[in-house]
Amino acid sequence: MRADILNAQGVSLSNDTIGVRDKSDEKVILLLDALTGKALGDGKPLTHKLEVVEIALDQSGPSNERKIALIDKNRDLYVTSVRHLGRETKICKLGSMVHSMAWNDAANILCGIQDNQLTVWYYPSVVFTDKELLPKTLHIKDGSEFSRAPHILSYVGTKVTLRQGDGSLVYSSVPPYPALLHEYSASARWEDALRLCRFAKDQSLWACLAGMAMANRELTTAEMAYAAIGELPRVQYINFIKEQPSKESSLAHMLMFSGQVQEAEATLLQAGLIYQAIRVNIDLFNWERALELAVKHKTHVDTVLAYRGKFLQKFGRKETNKRFLQYSEGVEVDWEKVQAKIEMELSKEREKAANTSVRSSVASRR
C-alpha cells in the first residue's frame, strides 16, 4: 500500500473495522479487522456494481452490527452490513445525488449533502427491516444557508461541520432526540423510548422507533409506533404475528415482514412446520414453490391444488400450468377435507408449542 493514494474518502476506520477502497479496482472495498488485520468473514471483499467514490463506517454499536455507507460514481448512497455470515451481501439504497456524508460519532445516524440540502438519515438500518419507512425517518434542512458545493467534515453530537466552496466553515444543528432514541433502543429501554416519542411529538421519531422495535423483535412497542404513524396494515400484521402458535412461526413471519422470504421458509422447514412453509408460499402466490414443497414432503398437495383452484376461479381463468394439471389428475380435491387437515396441523403446532413451554418452565424451576 502506498500512503499517497490514501485519503479520507477512500479509507474509513471504526474501533473494530477498517474499510479501504481498492485502488486497482474501485468497485471493491477491502474490509479488515482493526486488531488482527485479517479480512472479515470469508475473506471476500465487498464488491459494488459501480466505482465507489467515498466510504464511511458507522462508529457505534456492536461489531457484528457494523454498517458501511458508500457513495458510487452516480452519486447514489448505499448502506450494507460489514459482517454478513455466509449470506449474500444485501446492499440497500438510501438516496440519490449525495455529494458528501458522515456518520455521527456516538449514534448510528448518517448525514449527507443531498441535492444541495442537508439530509439526516435518523435510522439508516431501517432499510433492512422495513424499507418503506425510510422516507419517514429523514430530517431535511434547506441548503440556502450554505454556499455552493459544501463538504461535510464531521458530525459530532448534534453539530454538523461543513466546509464551503470558499474554504470557510459553517455549522448546522440536528435535533438531539434521535441519538437518545438510539441509546434507549440499544439498552432495550422501550418504555423510555415511547415516553420520548410522546414528548417530542415527531412523526420521524415514531417511524424510527417502529423500525428499531421490529429489528429487536419487540412487537408490542412496534405495534404502538406503527399505530402512531397511521400504518394500520402493519399493525394488523403484527397482531397476526403475535397470534402465531409457536415461536418458529412468529420468527418466520417477522422475517417475512422484513422481506426475507427464503429465510422465513428455511426457519419453518428446519422446525418441521411443512404446512406453514407451504402456506407462506401460497400467501405470496408463489404457486410453483408451494407445489414443489408439497410434493417433496408428500403432504398437502391437495391443499395447494385447492387454494390454486380458488385463486383461478376468482379471476375466471383456467389452469394452464403443466405441473398443476399433472397433479390435479391424480389428486382428489375436497375443500372440507383440506380445511380439516389445516386445522389438525395448527392444533398439532399449538400442542407442540405448549409442551415446549411446559418443559422449559419445569427446567427453569429445577
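Which residue forms a salt bridge with lysine 136, and how far apart are the closest N and O atoms? In this predicted model, the partner of lysine 136 is glutamate 231, and the closest N and O atoms of the two residues are 2.6 Å apart. The pair links distant parts of the chain, with the two positions 95 residues apart in numbering. Lysine 136 sits in the loop between α1 (126–129) and β12 (138–141), while glutamate 231 sits in the loop between α5 (219–228) and α6 (232–242). Lysine 136 is partly exposed, with a relative accessible area of 34%, whereas glutamate 231 is buried, at 16%.

**Salt bridges**

The structure has a count of 17 salt bridges. Three of the pairs are described here, including the one between lysine 136 and glutamate 231. Side chains of opposite charge can pair when their charged atoms come close. The table lists the three pairs with the separation of their closest N and O atoms.

| Basic residue | Acidic residue | Closest N and O atoms |
|---|---|---|
| Lysine 136 | Glutamate 231 | 2.6 Å |
| Lysine 242 | Glutamate 223 | 2.6 Å |
| Arginine 308 | Glutamate 319 | 2.9 Å |

Lysine 242 forms a salt bridge with glutamate 223. Because lysine 242 lies in helix α6 and glutamate 223 in helix α5, this pair ties together parts that are 19 residues apart in sequence. Lysine 242 is partly exposed, with a relative accessible area of 38%, and glutamate 223 counts as buried at 17% relative accessibility.

Arginine 308 forms a salt bridge with glutamate 319. This pair also links distant parts of the chain: arginine 308 belongs to helix α11 (residues 301–314), and glutamate 319 to the loop between α11 and α12 (322–330), eleven residues apart. Here the basic residue, arginine 308, is buried, with a relative accessible area of 12%, while glutamate 319 counts as partly exposed at 23% relative accessibility.

Lysine 136 and glutamate 231 also belong to a network of salt bridges, in which they are linked with Asp130, Glu132 and Arg234.

**Threonine 129 and its surroundings**

Threonine 129 is found in helix α1. This residue is buried, with a relative accessible area of 7%. Leaving aside neighbours within four places in sequence, threonine 129 is in contact with Gly211, Met214 and Ala215, as well as with Phe257 and Ser258.

**Cysteines**

How many disulfides does the structure hold? The structure holds zero disulfides. A disulfide is a covalent bond between the sulfur atoms of two cysteines. For cysteine 92, the closest cysteine sulfur is that of cysteine 208, at 16 Å, which is too far for a bond. The sulfur of cysteine 208 in turn has its closest cysteine sulfur in cysteine 197, at 8.1 Å, and this separation is likewise too far for a bond. Both distances can be set against the cut-off of 2.5 Å for a pair of cysteine sulfur atoms. Cysteine 92 counts as buried at 9% relative accessibility, and cysteine 208 is buried with a relative accessible area of 1%.

**A nonpolar surface patch**

On the surface, Leu153, Leu169 and Tyr171 form a nonpolar patch, with about 290 Å² of accessible area together. One of these residues, leucine 153, lies in strand β13 (residues 151–156). Leucine 153 is partly exposed, with a relative accessible area of 42%.

Note on methods
Residues numbered from 1 in each chain as written. Predicted model: local features only at pLDDT ≥ 70, side-chain atom pairs only at ≥ 80, totals over all residues. Heavy atoms only, no water. Salt bridge = Lys/Arg side-chain N within 4 Å of Asp/Glu carboxyl O. Helix = DSSP H or I, 4+ residues; strand = E, 2+ residues; numbered from the N terminus. Buried < 20%, exposed > 50% of the residue type's maximum accessible area, 1.4 Å probe, protein only. Contact = heavy atoms within 4.5 Å. Patch = residues over 30% accessible without salt bridge, like charges linked within 9 Å, V, L, I, M, F, W, Y side chains within 5 Å. Areas by Shrake-Rupley, 256 points an atom, 1.4 Å probe, with all protein chains shown as cover.
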